Amino acid sequence: MADYLGKQVVIIGLGLTGLSCVDFFVARGVTPRVMDTRVVPPGLEKLPKDVERWLGSLNQDWLLNADLIIASPGIALSTPELSAAAQAGVEIIGDIELFCREAQAPIVAITGSNGKSTVTTLVGEMAKAAGWSVGIGGNIGLPALMLLEHPAQLYVLELSSFQLETTFSLHAAAATVLNVSEDHMDRYPLGMQQYRAAKLKIYENARVCVVNAGDGMTMPVRGADERCVSFGIDIGDYHLNRQQGSTWLRVRRDKVLDTAEMKLAGQHNYTNALAALALADAVGLPRASSLSALINFSGLAHRFQLAHAHNGVRWINDSKATNVGSTEAALNGLQIEGTLWLLLGGDGKSADFTPLNRYLQGDNLRLFCFGRDRAELAALRPEITTQTETLEQAMAQIAPQVKAGDMVLLSPACASLDQFKNFEQRGQVFTQLARELG
């Protein structure tokens with residue numbers, strides 16, 4: 001455990017994670033300074049009175065005079081004020097690094113462009129089913145430092161590429177990069193390889209690396225080694241076995257679970273299940289309780305979730321699809337009797353939408369594109385596309401046209417912040433409208 005006494009600590013970014021950092025240092029006899037580029041950041045009212053704060057911008061003097069900076073994942077390390085501090089020799093880390101220096105139990109670390117929240121939650125459910133005390137958090141749920149408040153036999157952390165950039169002491173018992181597809185290109189000007197490099201940091205010092213056999217971008221930089229276990233659709237140590245109309249989860253030669261017993265549906269969710277099972281096996285969770293958790297898990301909100309079903313029409317809320325890869329995962333292998341009414345739109349974060357083209361062929365498809373980047377999305381197949389300014393306008397046009405066997409799918413391939421507070425609010429609006437209109 002590190003000693004921070006006598007250090008001048010600056011925390012950038014408030015909110016729940018920033019407050020967890022403040023509490024962490026105060027408990028160790030250090031009063032940090034806090035700054036936030038927002039004038040009224042969330043959690044400001046909970047900040048102890050004796051903590052100095054600087055709001056509305058970054059204070060360069062504070063940063064240059066600090067011994068240690070704890071940077072929010074929301075601020076890029078390339079920000080000029082942070083770059084200057086780094087060049088001056090100031091140590092810059094994140095809350096995950098603080099956590100890793102303190103954690104006394106094994107850590108399962110999970111990243112990827114898509115599916116990481118589902119896999120993180122699944123591994124946590126597998127641990128609970130085994131009767132283990134488990135702390136689940138990071139980029140999902142509780143900030144990591146809050147997990148230290150309760151003793152645990154295992155920690156399961158969802159980690160973003162931004163969090164991994166400022167993490168150096170992670171020694172995961174098992175780590176995975178589930179997949180790598182284009183996302184956050186506005187933060188990675190050097191492109192996909194820069195983004196991938198941030199993700200691959202999760203493997204450094206990991207005991208077991210769980211890699212996606214169908215995605216070469218998830219392999220460690222020097223290629224697969226003896227630490228690696230693989231999962232995939234048709235290949236990998238953990239894979240799907242399809243025969244006589246049924247699909248099984250298979251571990252090497254053994255069929256372990258018929259997917260018909262699972263509440264989760266869709267090929268992307270079956271591969272998420274395989275990844276979770278590989279991670280659980282790697283840290284010694286009993287296989288029987290892991291399979292029990294897979295049978296009982298009904299999925300996360302806003303992730304290919306059935307929002308409403310009426311008159312043979314299914315309305316699916318996949319608002320968590322905030323990037324192209326996530327929408328690809330939703331569309332891959334999707335089978336529908338009637339027409340697919342696909343809702344795309346929002347803030348594309350400078351992404352290339354063309355990988356969606358292969359999933360947008362055929363006649364049983366109608367596109368409705370809304371939000372900031374609707375015109376760019378509509379260009380994918382203009383002859384079957386309707387553009388609207390808002391999600392509500394699109395759904396009002398779709399509702400009178402749907403027939404039995406159809407699916408209305410919100411899988412936007414974009415962030416929500418151009419029109420909504422977050423993807424959850426976008427999903428709630430979709431669900432409410434589906435029930436009213438459908």
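This passage walks through helix α5, a set of salt bridges, one buried serine and a few backbone angles in a predicted model.

Helix α5 is a good place to start. It runs over residues 116-129 and has 14 residues, reaching 20 Å from its first C-alpha to its last, which is close to the 20 Å expected at 1.5 Å a residue. The helix is mostly covered, with 11 of its 14 residues buried. The buried set opens with Lys-116, Ser-117, Thr-118, Val-119, Thr-120 and Thr-121, and carries on with Leu-122, Val-123, Gly-124, Met-126 and Ala-127. As for what does the covering, these buried residues pack against three strands, β6 (107-111), β7 (134-138) and β8 (154-158), and against three helices, α8 (192-200), α9 (267-282) and α10 (287-296).

Two residues missing from that buried set, Glu-125 and Lys-128, pair up with one another. They form a salt bridge in which the closest N and O atoms are 3.4 Å apart. Both sit in α5 and are three residues apart, so about one helical turn separates them. Lys-128 is partly exposed at 45% relative accessibility, and Glu-125 is partly exposed too, at 30%. Just past the end of the helix, Gly-131 takes a positive phi of about 85°.

The Lys-128 pair has company elsewhere, as the model holds 13 salt bridges in total. Side chains of opposite charge can pair when their charged atoms come close. One such pair is Glu-52 with Arg-33, where the closest N and O atoms lie 3.1 Å apart. Arg-33 belongs to strand β2 (33-36), while Glu-52 comes from the loop between β2 and β3 (53-55), so this bridge ties together parts that are 19 residues apart in sequence. The two ends are not covered to the same degree: Glu-52, at 42% relative accessibility, counts as partly exposed, whereas Arg-33, at 18%, counts as buried because the cut-off for that label is under 20%.

Another bridge links Asp-225 to Arg-227, with 3.3 Å between the closest N and O atoms. Here both partners are partly exposed: Asp-225 has a relative accessibility of 29%, and Arg-227 has one of 22%. Salt bridges can also be chained through shared partners, and in this way Glu-91, Glu-97 and Arg-101 are joined into one network.

Ser-319 gives a quite separate picture. This serine is placed in the loop between β16 (313-317) and α11 (324-331). Despite the loop setting, Ser-319 counts as buried, at 0% relative accessibility. Once neighbours within four places in sequence are set aside, Ser-319 is in contact with His-302, Leu-410, Pro-412, Phe-423, Arg-426 and Gly-427.

Last come the backbone angles. Most residues other than glycine have a negative phi. Against that background, two asparagines are worth a look. Asn-205 is not a glycine, yet has a positive phi of about 70°. It is found in the loop between α8 and β10 (208-212) and is partly exposed, with a relative accessible area of 47%. Asn-311 also shows a positive phi, near 55°. That residue lies in the loop between β15 (305-310) and β16, and with a relative accessible area of 60% Asn-311 is exposed.

Notes
Residues are numbered from 1 along each chain as its sequence is written. This is a predicted model: local features need pLDDT of at least 70, side-chain atom pairs count only at pLDDT 80 or more; totals for chains, interfaces and linings use all residues. Side-chain values use heavy atoms; hydrogens and water are left out. A salt bridge is a side-chain nitrogen of Lys or Arg within 4 Å of a carboxyl oxygen of Asp or Glu. Helices (H or I, at least four residues) and strands (E, at least two) are DSSP runs, numbered from the N terminus. Buried means under 20% relative accessible area, exposed over 50%, partly exposed in between (1.4 Å probe, protein chains only). Contact means heavy atoms within 4.5 Å. The expected span of a helix is 1.5 Å times one less than its number of residues.
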